[in-house]
Amino acid sequence: MINNILDFEKPIVELEQKIEEMKKLDDNLDIKEEIKTLEEKINHLKKSVYENLTRWQRVQLARHPQRPYTLDYIYNMTEDFVELHGDRLFRDDKAIVGGLAKLGNEKVMIIGHQKGRDTKSNLYRNFGMPNPEGYRKALRLMKMAEKFNIPIITMLDTPGAYPGLEAEERGQAEAIARNLFEMSKMRVPIIVVIIGEGASGGALGIGVGNRVLMLENTWYSVISPESCSSILWRSWEYKEQAAEALKLTAKDLLELKIIDRIIPEPLGGAHKNQEEMAKILKEVLLEELAALKKMKPEKLVEDRIEKFGAMGVYIE
Amino acid sequence: MGWFNRKKKHIAPTTKKTVIPDGQWVKCDDCGELLHVKQLEVNSWVCLKCNHHFRIGSEEYIKILLDENSFKETEKKMRSANPLEFVDTKDYNERLKTSMKKTGLNDAVRTGIGKINGKKVAFAAMDFKFIGGSMGSVVGEKIARIIDKALENKIPLIIVSQSGGARMMEGALSLMQLAKTSARLTRLADAHIPYISILTDPTTGGTTASYAMLGDINIAEPKALIGFAGPRVIKQTIGRDLPKGFQRSEFLLEKGFVDMIVNRKELKDKISLLLDFLG
Ligand SMILES: [Zn+2]
């Protein structure tokens, strides 16, 4: 556990541990007073720490090893999940999961990137980095959803599409391009949620929706801060500066009109309370779904094309 | 995205740089043959000895592919607003200014209406020499608008891609141009208007992962580097050397991602023939 604590989390965790230790002591009145003071101190500390995180610290939270992943949300938010496998062309990509589920009273198709939690499961999930067959599986499931008039929810959490030799052989670029094209014209509602890392085309490859939502401590950009640092600064050492320059947080993207809404996380981040996080997200999704379900298929398509068409800033 | 690193390697630099000081003789990047500029121009900037395709820009493609004086440029003045006020080792504003001055262009793509053997087309050609041909808000918007023009006028669309991918200095806004352009192409498809994508050296990253791969017909120039991830990144990932010819046009043809490889000298007539079939 202890090695999963981020630098800026340390003072908080230390205080929390101190309280736990003190609580084990006698029911001494002095100690109770002391505990109360400490708890107040923690709350203050937490608020000021989490309100003033740098962009790089948000990136770190987005990658927190305890953070809920797509399947955690599916298990915590939905019922009767039936996972569907394979792209019918090459194989089943474990870095993208998807299937039918019930979200409250709504039938939905949920598709998302899936990371692993330890070395073994990360190898199995390829660290959440899809190959072309992952995008093609996602597209197959979306087309099925469209056929049976089921809304689509996608969850983005990837360090990027896999930059491997076979991925290129099987057309990584074509697979992503095809998804962007096909997702644009789906005749059912699509809601996109960035739940962790939104790294470039690998994230966007399942990210074209009528609504794009971002959890509070996530990032979404054209490149990771590390890669940006290595290319522009020619060194891996400038990731903090790169994160600042890229303006990649939920707040930034709301200002840039790329996302529609920021979903608050429990204090300290989604990993501090997975159930609470899932509950918050479920409510938001149901609310958004209710609004989108009122739109006609043609309008949904039009809305998506216009929505992304409006993104960009230039001088004429 | 790797245009900074790639510059140094064996991939051909822009033609302008290779021109020998007196401005009349050029050395072939591939076979070393000394060629006269006029000779090369007549030969569509293809080496007369070894068939090497020199990297050329939008100006040359307009001359090679479109009928003489038929090109009417659109959105000529559009330029980047530097929305993130991006600064790395250099200010993005400075990069833009330098690129504009050096190339005489306002950004990495030019768009307009022209004619191919008398047939009206909507046309776009990218310029690698402008910040690595990277796609930011301007490239995305100009591509989207030329798609609209094709739709309005019911004329075919031709895009010549040449790009290192999405432009880092505009962050997520650059990324969204992939979705913007791909989404817009669905309207063209619905209207049964043909789109021919020409992939030239290099076409990588977000440009390949959007409109460059979405042609009704994808045509590559010989030996062009075409892919999603850059070769350097892939090499790092897999920890071994890449096979010869990996991510080159011939490899993409073999793997099924382009319809054909066409010599630049025959490109115009091939497009013309295809448009004859497709309408
Ligand atoms: Zn030569």
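**Figure 1. Long-range contacts and overall build of chain B.** In chain B of this predicted model, 67% of the contacts with a separation of 6 or more join residues 24 or more positions apart; two residues are in contact if their C-beta atoms, placed from the backbone, lie within 7 Å. The chain has 11 helices and 10 strands, which are DSSP runs numbered from the N terminus (helices H or I, at least four residues; strands E, at least two). Its C-alpha trace spans about 45 × 45 × 40 Å along the principal axes. The radius of gyration of chain B is 18 Å, which agrees with the value near 19 Å for a compact globule of 279 residues; it is taken over C-alpha atoms, and the globule rule is 2.2 Å times the number of residues to the power 0.38. Of the 279 residues, 53% count as buried, meaning that 20 or more other C-beta atoms lie within 10 Å of a residue's own, with C-beta atoms placed from the backbone (12 or fewer is exposed, in between is partly exposed). Residues are numbered from 1 along each chain as its sequence is written, and chains are lettered from A and ligands numbered from 1 in the order in which they are written. Because this is a predicted model, local features need pLDDT of at least 70 and side-chain atom pairs count only at pLDDT 80 or more, while totals for chains, interfaces and linings use all residues.

**Figure 2. The open sheet of chain B and two helices beside it.** Follow the seven strands in the order β3-β5-β6-β7-β8-β9-β10 and you will find mixed pairing; two strands pair if DSSP finds at least two bridges between them. At the edges stand β3 (72–74) and β10 (260–261) of chain B, each with a single partner strand, so one side of each has no neighbour in the sheet. Three bridges join β3(B) to β5(B) (residues 109–116) in the antiparallel sense, and B:Thr74 stands opposite B:Thr111 there. Helix α4(B) (residues 58–65) packs on the sheet, touching β5, β6 and β7 of chain B, at about 155 degrees to β6(B). Helix α11(B) (residues 264–278) lies across β5, β6, β7, β8 and β9 of chain B, at about 70 degrees to β5(B). Axes are lines fitted to C-alpha atoms, for helices over the stretch in contact, and angles run from 0 to 180 degrees between N-to-C directions.

**Figure 3. Where chain B meets chain A.** Here 54 residues of chain B are in contact with 45 residues of chain A. The largest share of chain B's side, 16 residues, comes from α7(B). Strand β9(A) (residues 314–315) pairs with β4(B) in the antiparallel sense over two bridges, and A:Ile315 has B:Arg79 as its bridge partner.

**Figure 4. A:Ala245 at the meeting of the chains.** This residue is found in helix α11(A) (residues 239–246). A:Ala245 is buried, with 24 other C-beta atoms within 10 Å. Its contacts include B:Leu84, B:Phe86, B:Val87 and B:Asp88.

**Figure 5. Around B:Leu157 in the largest nonpolar core.** This core has 159 residues, and those with the most contacts inside it are A:Leu180, A:Val193 and B:Leu157; such a core is a set of buried Ala, Val, Leu, Ile, Met, Phe, Trp, Tyr and Cys residues joined through C-beta atoms within 7 Å. Helix α7(B) gives the most, nine residues. Beyond its neighbours within four places in sequence, B:Leu157 is in contact with residues including B:Ala122, B:Ile146, B:Leu188 and B:Tyr195.
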